[in-house]
Amino acid sequence: GSADFSIVSQPSASSVGPSGTTTFSIRYTPSGTGTDTASISIDNNDGNGDLLVENPYTFTINGNGIDPNILIRDYTSTAIVSGGTFDFLTNKYTTPLVRSFTVNNTGTGDLILKSSPYVIVSGTDASFFSVTTQPASGTIGTGGNQPYEITFNPAMSSLAGLKTATVSIYSNDFGTPVYTYTVNGTVTVPVISITGTPSGGTYNFANVNYTDAGAVITFTVNNTGTASLALTGGPNVQISGAGSGHFTVTQPGSSTVAAGGGTTTFTIQFTPTALGTHSATITIPSDDPVTPSYSFTIQGTCDDTEAPVVSVTNPGGNPSWNGTKTLQATASDNVGVVSVAYHLDSVPNLIGSSATGPSYDVSIVTTSYADGPHTIIAQAVDAVPNTGTSAAASFTIDNTPPTVTISAPSLTVAKNGTDVTY
């Protein structure tokens with residue numbers, strides 16, 4: 001063991017005065033573990049000072065060679081060698097993952113952790129990994145260990161992919177003074193889309209006639225991301241805006257959409273209760289970090305394409321008229337009748353019109369028209385205007401009085417002596 005000791009510096013002076021001192025240095029560099037011993041001898045001229053002759057002056061020096069050895073083990077007690085890798089595997093960006101590790105001393109003598117903090121994370125993606133629990137002590141005896149924890153936090157970014165950092169532990173392990181290993185973790189992220197309708201876009205429903213209901217349109221929610229998509233709204237599909245009452249939404253069958261192309265569907269029907277163009281906003285909250293509130297506009301126009309229904313009620317039964325008579329009709333419309341016009345024999349040959357229901361009375365003066373058979377045709381209009389035409393109603397105008405001739409009996413009267421016969 002003496003070879004493990006060396007004199008670094010000799011005494012600075014070869015002569016030491018009374019009560020004086022001089023110094024020298026010895027270095028111990030163990031070549032192995034265990035106890036080493038050496039003898040130091042100093043020749044001098046000590047002859048009688050304390051009645052003890054100490055020439056040469058000798059003493060023994062001892063040293064204990066130690067070899068602490070650092071080793072990291074993961075939460076399964078599997079060793080991670082320096083330069084190795086630990087994989088946190090795949091985690092959704094909303095789900096942190098904590099893993100336990102231990103610093104082990106498999107050598108002899110105390111292992112001293114030298115840095116502050118004891119465990120250091122560095123590298124481009126270091127923000128994704130944090131040492132949430134440091135070793136409680138920086139001194140680890142032979143065969144001992146100190147636990148620590150590292151958390152992989154995918155929520156540090158909305159971008160999917162592999163994240164990598166380096167873990168470093170400085171110690172008095174002579175062979176591995178800086179113990180390093182790589183930590184990996186893959187971030188997965190859901191990505192929402194609606195087939196044919198981008199977020200911020202508009203879906204236009206086909207025009208619908210008033211009092212009718214439009215077609216039921218199916219919308220498909222897609223998840224093209226690498227993590228499952230959670231629809232987080234209550235309800236999952238929300239409708240708002242001034243025109244929301246004109247649409248009916250049927251909710252999706254599932255609030256979770258599988259990763260990698262999973263789908264779920266919902267339906268919207270345009271059910272207008274008033275004429276005009278109606279708009280509403282569809283919003284789908286989810287855990288997509290890029291588009292947490294997917295929204296688009298829906299729009300539909302309610303038209304009135306339905307013509308009124310009209311029927312002449314007077315004349316009825318093909319009557320014979322003279323003088324002033326009243327034309328009458330019944331009319332109905334899905335929105336409302338504005339007026340009813342009456343035509344003689346053909347359209348257009350307007351007699352008059354009325355906006356007052358329910359019989360829409362209009363007078364006809366038969367002496368203004370030729371005697372003989374005629375027809376009345378009624379036309380009802382709404383606000384569009386759509387026009388409905390009735391069947392023709394027949395009647396006869398007879399304004400000529402009858403001619404009367406007396407043919408019997410005959411009458412003879414004498415007048416001034418002359419007979420006159422009637």
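## Exercises on a predicted model

Pro385 counts as exposed, because its relative accessibility is 55%. Keep in mind that this is a predicted model.

### Exercise 1: Pro385

Find where Pro385 sits in the chain and how far Thr305 is from Pro385 in space.

*Solution.*
- Step 1. Place the residue. Pro385 belongs to the loop that runs between β33 (372-381) and β34 (387-389).
- Step 2. Judge the cover. Exposed means over 50% relative accessible area. Pro385 has 55%, so Pro385 counts as exposed.
- Step 3. Compare sequence with space. Thr305 is 80 residues apart from Pro385 in sequence. From C-alpha to C-alpha, the two are 9.1 Å apart.

### Exercise 2: Gly372

Decide whether Gly372 is buried or exposed, then list its contacts beyond four places in sequence.

*Solution.*
- Step 1. Gly372 is part of strand β33.
- Step 2. Buried means under 20% relative accessible area. The value for Gly372 is 14%, so Gly372 is buried.
- Step 3. Set aside the neighbours within four places in sequence. Gly372 is then in contact with Phe395, Thr396 and Ile397.
- Step 4. Look at Phe247 too. Gly372 and Phe247 are 125 residues apart in sequence, and their C-alpha atoms are 57 Å apart in space.

### Exercise 3: Ile42, patch and pocket

Show how Ile42 takes part in a nonpolar patch and in the lining of the largest pocket.

*Solution.*
- Step 1. Strand β3 (residues 34-42) holds Ile42.
- Step 2. Its relative accessible area is 31%, so Ile42 is partly exposed.
- Step 3. On the surface, Ile42 joins Ile7, Phe24, Ile26 and Tyr57 in a nonpolar patch. Together these residues have about 390 Å² of accessible area.
- Step 4. Turn to the largest pocket. Its space is about 520 Å³. Its lining has 17 residues. Nearest the centre lie Val16, Thr22, Ile42, Asp43 and Asn44.
- Step 5. Ask which element gives the largest share of the lining. That is β3, with three residues.

### Exercise 4: Backbone angles

Locate the cis peptide bonds before Pro117 and Pro348, then the positive phi values of Ser19 and Tyr360.

*Solution.*
- Step 1. From Ser116 to Pro117 the peptide bond is cis, with omega near 0 degrees. Pro117 lies in the loop between β9 (111-112) and β10 (119-122).
- Step 2. The bond from Val347 to Pro348 is also cis, again with omega near 0 degrees. Pro348 sits in the loop between β30 (339-344) and β31 (350-354).
- Step 3. Ser19 is not a glycine, yet its phi is positive, about 65 degrees. Its place is the loop between β1 (5-9) and β2 (25-28). With a relative accessible area of 82%, Ser19 is exposed.
- Step 4. Tyr360 has a positive phi near 50 degrees, and Tyr360 is not a glycine either. The loop between β31 and β32 (362-365) contains Tyr360. At 8% relative accessible area, Tyr360 is buried.

### Exercise 5: The salt bridge

Name the partners of the one salt bridge and explain which parts the pair ties together.

*Solution.*
- Step 1. The structure holds one salt bridge. Asp287 and Lys92 form the bridge, and their closest N and O atoms are 2.5 Å apart.
- Step 2. Asp287 lies in the loop between β25 (276-285) and β26 (293-303), and Lys92 in strand β7 (residues 85-92), so the pair ties together parts that are 195 residues apart in sequence.
- Step 3. Check the cover. Asp287 and Lys92 are both buried.

Technical notes. Residues numbered from 1 in each chain as written. Predicted model: local features only at pLDDT ≥ 70, side-chain atom pairs only at ≥ 80, totals over all residues. Heavy atoms only, no water. Helix = DSSP H or I, 4+ residues; strand = E, 2+ residues; numbered from the N terminus. Buried < 20%, exposed > 50% of the residue type's maximum accessible area, 1.4 Å probe, protein only. Contact = heavy atoms within 4.5 Å. Patch = residues over 30% accessible without salt bridge, like charges linked within 9 Å, V, L, I, M, F, W, Y side chains within 5 Å. Areas by Shrake-Rupley, 256 points an atom, 1.4 Å probe, with all protein chains shown as cover. Salt bridge = Lys/Arg side-chain N within 4 Å of Asp/Glu carboxyl O. 1 Å grid on protein atoms, 1.4 Å probe; cavity = no way out; pocket = protein on both sides within 12 Å on 5 of 7 lines; lining within 4 Å. Points joined across faces, edges and corners; volume = space filled by probe spheres on them.
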